[in-house]
Amino acid sequence: MRLRLTLLLLCVLALTGCLTAQQVKEVDICVYGGSSAGVIAGYTARKMNKSVLVIEPGKRLGGLTSGGLGYTDIGNKYAITGLSRDFYRRIGKHYGKFEQWIFEPGVAERTFQQYIQEGDVEVLYEHRITAAKKENGRVTEIQLESSTGGTPKHAVIRAKMFIDCSYEGDLLAKAGISYTVGREANVQYGETYNGVQLLNKHQFVDGIDPYKVPGKPESGLLWGISPGPLEPRGSGDKKVQAYNFRICLSNDPANRIPITRPEDYDSTRYELLLRLVLRRKPGDLRDMLKIDHMPNHKTDINNNGAFSTDMIGMNYDYPEADYATREKITKAHELYNKGLLYFIGHDPRMPEHLRKEMLQWGYPKDEYPESDHWSPQMYVREARRMVGAYVMTQANCQGKEVVKDGVGMAAYTMDSHNCQRIVVDGMVKNEGDVQIGGFGPYPIAYRSIIPKAEDCKNVLVPVCLSASHIAYGSIRMEPVFMVLGQSAAAAASLAIDNNQPVQDVNVAKLQELLRTRPLATEATAEILVDNDDAAHVTKTGDWKKETRGAYGPSVLVAESGGAKSVRFTPEVLRSGSYRIYTYVPKHAGLSSRTSIRVSEDGKSTRSVSYTAASVQVQGQTSGEWVSLGDVQLTKGGHAYVEITNEGADGTVVADAVLFIPLEQL
């Protein structure tokens, strides 16, 4: 009997050991978070011949890019490079265009799956981090649990390099890497738009009463209003800018599911909206919802106005909360957003024309079928932010401080949504919204995506990167996250190849790699000649340089009269067939036709042109690329494209010329 028990115990121990071994996985690079950055990082690492595992706590790849944000926040297309730019060109192919920055969630998700399949990237869905183990300043392994309960497929992941591509920065926190949450005081980094800011955009008009019974403070505050005081302007706190969902609806009757009363619905949560509506008499839904139209009768709805989809002040605990608490906060945001839509369409106190307009919309049958046609990705605008080897600040955004170790660019407005709703002088006011632009593309430091050496030597953080609150507001755009995801994966690969910490990666070599292998493959790189590239651009005549609406730092502008031209000469490193595009920004009084000369050999030329009517600019962009046809380019040759004002009857613009290898189209 004793022998049988011993044998049984040995068998159990052996079986347990076997299962444990199966649950341990070792790879070169572990990417935590299947966001847009995570997919691009995983693909890049595989193209650099590294073994990779992408861990996604949910069931869907692409984060917010496939989760409803289809009306892309761009800033300046010049800043979008490499695989990030490739993503929007793949989207363009789906819609029959060169590039497309406005798209349906399902199209984005399928495009991310293309990268996973082409790169043969392994993805572990529905698993999340619980702990990280460090030895000698390096993360050696992370522990996982199943997001849905039960036994995880892999309980332990060991890797040489880790890339945190989550919106929350969970891996960096478990690894003991320094981070912050909230808003720094202006004095900390010498800024002017950080900390508390009571400004005018997305703001209540004066006179909106904050109390349940108007004029009676003793009746209590309406839902969503904080009793806290207004702190001094520029003072720091732990408040986080508001979250919401980017809402995809459809007005196609064949693809529309009615918006019904959600669980836990309470109309008193929207009393402030009603008071605002009755005060301002809005013309249509756009006064309370930013409705941007997607292809196939769909929307990307974002916050707009004083009371909208942002659930202001209800997310402070989210960045550092446990998973159960985060799920509750996410659900509360979902129900708030669904309740808002229902309130607008069904509350009898709302103006009838708004109710009728709202009832034209419903949830799309063909989007998010796995989550009851509602996006599984809340818009986590900002959570943890690493305090890394370098902190990006307002000075970087505005070009007052320019880093030399740039591995990506940003160009969007310094943008923070409101952080709190309070009472000021007896009236309800929102606080925290900042929208300050007027600057061109600027580089993002490699040091801002790596920790300080004393914190960790083998983790990169391209999403919750090291930036002040207000600088992060400019950087935190999905295309930029993809750029930095590619840069992080390339840096991780170089660190592995050279057996070095991420802090010792040769940044010049990394920059060259990103420049010469923009698609992370040996494919021929496209050739961009911008008008600011003095070595490859020659001007004749009087051209005025403008910054507004430019691709890159500036655009050259000329009026009709007098011979004027700008010649763009590409530096051709590989002979082959290319298609030419020129960038045409929106500009008042654009000539009805612009004449261009194209030469393949620097001697003979042919004439091409485009019409102003053919330039259709859509979305958050300054202009569009216009095709000029195909050419055969020779390495070291003398080809050029020359934009002229010949026959112009208005303004002529000369901005950038692009040569794309035909194999990429």
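Which residues does S493 touch, not counting residues up to four places away in sequence? The contacts of S493 (heavy atoms within 4.5 Å) are with I29, A45, M48 and K50. S493 lies in helix α12, which spans residues 478–497; helices (H or I, at least four residues) and strands (E, at least two) are DSSP runs numbered from the N terminus. The residue is buried, its relative accessible area being 0%, where buried means under 20% relative accessible area, exposed over 50%, and partly exposed in between, with a 1.4 Å probe and protein chains only.

The structure is a predicted model, in which local features need pLDDT of at least 70 and side-chain atom pairs count only at pLDDT 80 or more, while totals for chains, interfaces and linings use all residues. Residues are numbered from 1 along each chain as its sequence is written, and side-chain values use heavy atoms, with hydrogens and water left out.

The secondary structure of the chain consists of 13 helices and 33 strands. The radius of gyration of the chain is 27 Å, in agreement with the value near 26 Å for a compact globule of 665 residues; this radius is taken over C-alpha atoms, and the globule rule is 2.2 Å times the number of residues to the power 0.38. Along the principal axes, the C-alpha atoms fill a box of roughly 95 × 80 × 55 Å. Of the 665 residues, 58% are buried. Among contacts between residues at least 6 apart in sequence, 76% join residues at least 24 apart.

The largest nonpolar core (a set of buried Ala, Val, Leu, Ile, Met, Phe, Trp, Tyr and Cys residues joined through side-chain atoms within 4.5 Å) contains 127 residues, of which I163, Y446, L460 and I475 touch the most other members. Helix α12 supplies the largest share of this core, twelve residues. A second, separate core has 34 residues, including V555, I580, V641 and A648. When residues up to four places away in sequence are not counted, Y446 is in contact with D405, V407, L460, A491, V502, V505, V507 and L510.

T72 is placed in the loop between β2 (52–56) and α3 (82–94). This loop residue is buried, with a relative accessible area of 3%. Beyond four places in sequence, T72 touches Y88, W101, F103, P479 and Q620. T72 and Q620 are 548 residues apart along the chain, yet their C-alpha atoms are separated by 6.7 Å.
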